[in-house]
Amino acid sequence: MQFRHELKYLINFGDAELLKERLSVILQCDSHAKGGFYTIRSLYFDDYWNTAYREKMGGYGDRRKYRIRLYNQDDSMIRLECKIKRESYIRKIAAPLSREEVDQILEGRVDFLLKRKEPLCQQFYYEYMSRVLRPKVYVDYEREPYVLPSGDVRITLDRDVRSAPPGGEIDGSD
């Protein structure tokens, strides 16, 4: 399994603006960012006891979480993802989903996942059934990504983070 090093920091608006100014001198804006940023919507799954959430908030070094993610509200490229964390290293495993498949998952009809060739789909099916995973929270935000073309460096600045439970209205108050 290929892991990458990931560090996260909470910074204020002024520091973010200063950091962007400095980063733009040595890094390029990621080519996927039209206009300098893109939007992300994730739907996170968890069990009845909110284990994934509790492990994250508890700072557990080894954990995993499942989500469905799309970019710029474009449902032509939806992904089922499993994010695996081992201390400060992470790995993401992904499989594409169609809008119809997402609708089936949201309706609790997940048997189709067993017919998919990607191991992640079968893994999610078994976790969904055995741990009774269900959609728990939507998270939306804007990401401004910078990359160093000659290396393996990526720095992202996320802003306007909003959340809501499924069926709720997304806003920044949560």
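A residue is called buried here when its relative accessible area is under 20%, exposed when that area is over 50%, and partly exposed in between. By this criterion, buried residues make up 36% of the 174 residues of the protein chain. The structure is a predicted model, and the values below are computed from it.

The overall fold is a convenient place to start. The protein chain contains 4 helices and 8 strands, and these elements follow one another in the order β-α-β-β-α-β-β-β-α-α-β-β. Along its principal axes, the C-alpha trace spans about 50 × 35 × 35 Å. The radius of gyration is 17 Å, which agrees with the value near 16 Å for a compact globule of 174 residues. Contacts across the sequence add to this picture: of those with a separation of 6 or more, 55% join residues 24 or more positions apart.

The surface can be described by its area and by its charges. The protein chain exposes about 11000 Å², and carbon and sulfur atoms supply 52% of this area. The chain carries 31 positive and 29 negative charges, and the mean positions of these two sets are 4 Å apart.

Turning to the cysteines, the search of the whole structure returned 0 disulfides. For C82, the nearest cysteine sulfur is that of C121, 12 Å away. Because a disulfide requires two cysteine sulfur atoms within 2.5 Å, C82 is left without a disulfide partner. C82 counts as buried, with a relative accessibility of 0%, whereas C29 is partly exposed at 34%.

Two buried residues illustrate how separate parts of the sequence meet. V139 belongs to strand β7 and is buried, with a relative accessible area of 17%. Beyond the residues up to four places away in sequence, V139 touches I40, R41, S42 and Y44, as well as V161, R162 and S163. The C-alpha atom of V139 is also 6.8 Å from that of A164, a residue 25 positions away along the chain.

T51 offers a second example, this time from a helix. It is found in helix α2, which covers residues 51-57. With a relative accessible area of 18%, T51 is buried, since the cut-off for that class is under 20%. Once neighbours within four places in sequence are left aside, T51 is in contact with D46 and R131. The C-alpha atoms of T51 and K65, which are 14 residues apart along the chain, are separated by 9.4 Å.

Finally, the backbone deserves a brief look. Most residues other than glycine have a negative phi. E87, which is not a glycine, has a positive phi near 55°. This residue lies in the loop between β5 (78-86) and β6 (89-97), and E87 is exposed, with a relative accessible area of 55%. V132, likewise not a glycine, has a positive phi of about 55°. V132 sits in the loop between α4 (119-130) and β7 (134-148), and its relative accessible area of 43% makes V132 partly exposed.

Definitions and conventions. Residues are numbered from 1 along each chain as its sequence is written. This is a predicted model: local features need pLDDT of at least 70, side-chain atom pairs count only at pLDDT 80 or more; totals for chains, interfaces and linings use all residues. Side-chain values use heavy atoms; hydrogens and water are left out. The radius of gyration is taken over C-alpha atoms; the globule rule is 2.2 Å times the number of residues to the power 0.38. Buried means under 20% relative accessible area, exposed over 50%, partly exposed in between (1.4 Å probe, protein chains only). Contact means heavy atoms within 4.5 Å. Accessible areas come from the Shrake-Rupley method with a 1.4 Å probe; for residues, only the protein chains shown count as cover. Lys and Arg count as positive and Asp and Glu as negative; His and the chain ends are not counted. The place of a charge is taken as NZ of Lys, CZ of Arg, CG of Asp or CD of Glu.
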